[in-house]
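Colleague: Please give me a close look at one part of the model, and go through what that part touches. Assume that I am new to the vocabulary.

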Amino acid sequence: MNFDLRLPLGLIFTFFGALLSIYGLVSDPAQYARSLGININLIWGLVLLAFGLVMLIFALRSRSRRGPGGP
Amino acid sequence: MPQTLSLQGIDYVILVTYFLFVIGIGWALKRHMKGSGDFFLSGRSIPAWITGLAFLSANLGAQEVIGMAASGAKYGIMTSHFYWVGAIPAMVFLGIFMMPFYYGSKARSVPEYLKMRFDEKTRGFNAVSFAVMTVFSSGISLFAMAALLELLLGWNFTFSIFVSGSIVLVYIYLGGLTSAIYNEVLQFFMIVFGFAPLAWLGLKDAGGWQGLKTRLAAVATHQHFAAGTWTESWRHMDKAADNPMGVQWFGLVMGLGFVSSFGYWCTDFLVVQRAMAANSMSGARRTPLIAAFPKMLFPFIVILPGMVAIGLLQDHHGGFALPVGADGSLNYNMTIPVMLGHYLPPGLLGLGFTALMASFMSGMAGNVTAFNTIWTYDIYQSYFAPGKSDAHYLQMGRIATIFGVLVSIGAAYFARQFDNIMDLLQLVFAFVNAPLFATFLLGMFWRRTTGHGAFAGLVLGTLAAALHHGLTLPVGEMTGVKGGWIEVMHTYPGQMAQNFWTAIYAWLACFGGTLIVSLATARTKSDAELRGLVYSLTPKPAAEVEAWYLKPSVLGVAVLAATLALNLIFA
């Protein structure tokens, strides 16, 4: 089937990752008291971002290999 | 009661983005749905890594996530038996030994395999009981979600039901099984990424594994068990009285590890359907094996938070508390929601909450796709309207999707009104399911098994399950839906032990009944007809050209070895 699931997976997790890491940078540090003083939004946001980008890279690489438009 | 969670703007952004993506996937797949084979079987075209993760996710409903965390709190690491004993071996067996028949026979569903192997009545029995069961399960899942959202966020019950029901309806209506499978993979990653930080922060808060062990030793001694009961999975199972689960190792290994687990993983169309959608025989066989690797690690995400919760609760560390019911007992089912609110700041909370919603929806979607297939192929096409065009059945599949979602919604309201009747229904389903694996085992590995034998065995097994349940009772329970409704002849130390033994007796009755009736009746299917359906009459699947690490046997041995190691480490 001409539908690569890695593309939507990559898109959504890149978005979530970027959103959470930016929010982690700008949000009030006081709210991280409940996560044991760890800026979990920033750390986990970067993890999601990395996962999302890896998925996107794989999806785009296999797409360009098949040529624009695909088979 | 104050709300347990409060969501902020960023949390809603995550939730809404997720919903839009889920529907978007259905929309993108719409143009691929050209015939009923695309809609119900995904045209047998999905890569194994996707069917594998979907196989896992379809089983990973919210009741599983919430229930396993609750068990982690109640019983400790013994809950891992539901994974390392009660899932992995059966998943490996399905992949190595059973998939060749399901996939190779070209059956479109599990009941259809029964029709090919045995006869019409065996298929009918399985198809009808499964179809009814699956819409009710979907309804129960919907009810549980709406009730939880009402409690956590004060959301209106009807609003929650209609929003989530409609989303599931839309994406399955548009994209059929493929849409359900793709979304299940997305849900899988949401669940992992949403709950893993909870386990991490919780464990850190409890003082790491050593700190957790110390805390759980206090929990165990407080409840008059040996200190290691919550952190050692096998050492306290010689006597049922030695562990909070109230089970003894033999009942657990046979009842859970053999009968229930093989009965579920190897015969339940909800999961098997995912493997049937794979793009090759090898892919179909690899599906449950690929699923087994993450399944093996799931205890660390779903059971560990429960263990942390009970450990922290013992001395109210950091003000941690679980809600207490009217009768003074702890509400263990709130473990995951309470921990989400306790540890996660806005942002990540949205992700965790969305993961919870995702697991509710994956449970429901799995049931709906299994239902529409069984209804259309095994009931509608077989009994009401055979010989119609493929487009007709595709249309019927879409109608069945709407119908299935509507009945689920009805069942959710029904469950809210009459929770006793729902308990009763689930009990009846358990009786019907208990003996199934004996039928498949004999059917697949003994060519002499006849249709009459299989049917008689199923009926006998179901009756034996009901009879055993009617004659026994877990200690301290009232007679009725918990058992003993005929007469209490035996008392079990806990409900878990009663369930395991109900399954064992049902299996034995089905096995014996099938054996005897098969020998007493004439075969109706010749060896030629059973080719591809029975082990001894089927040529070994031709070795497809593939790398050694893709071979089902290699994957199977690897996952079994890793599971054994986990059992030993946490013994």
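Modeller: Two residues are in contact if their C-beta atoms, placed from the backbone, lie within 7 Å. The model is predicted, with local features needing pLDDT of at least 70 and side-chain atom pairs pLDDT 80 or more, while totals for chains, interfaces and linings use all residues. Residues are numbered from 1 along each chain as its sequence is written, and chains are lettered from A and ligands numbered from 1 in the order in which they are written.

The part is chain B, and its border with chain A comes to begin with. Here 29 residues of chain B are in contact with 22 residues of chain A. On the side of chain B, two or more residues each come from α1 (9-29), α9 (157-205), α16 (335-343) and α17; helices are DSSP runs (H or I, at least four residues) numbered from the N terminus. The most, nine residues, come from α9(B). This side of chain B holds 21 nonpolar, six polar and two charged residues, where Ala, Val, Leu, Ile, Met, Phe, Trp, Tyr, Cys and Pro count as nonpolar, Asp, Glu, Lys and Arg as charged, and the others, Gly among them, as polar.

Within chain B, α17(B) (residues 348-384) also packs with α4(B) (residues 62-75): their axes come within 7 Å and cross at roughly 125 degrees. α4(B) is therefore oblique to α17(B). From α4(B), Ala62(B), Gln63(B) and Val65(B) meet Leu356(B), Ser359(B), Phe360(B) and Gly363(B) of α17(B). Four of these residues are nonpolar, three are polar and none is charged. Axes are lines fitted to C-alpha atoms, for helices over the stretch in contact, and angles run from 0 to 180 degrees between N-to-C directions. Oblique is what remains after roughly parallel (under 35 degrees), roughly antiparallel (over 145) and roughly perpendicular (65 to 115).

An automatic or database domain assignment splits chain B into domain 1 (9-417 + 539-569) and domain 2 (418-538). The C-alpha centres of these domains of chain B lie 23 Å apart, and 36 residues of domain 1 are in contact with 30 residues of domain 2. On the domain 1 side, the elements giving two or more residues are α6 (88-104), α7 (110-117), α8 (120-153), α11 (249-267) and α18 (390-417) of chain B. α11(B) gives the most, with 11 residues. By class, that side has 22 nonpolar, 11 polar and three charged residues.
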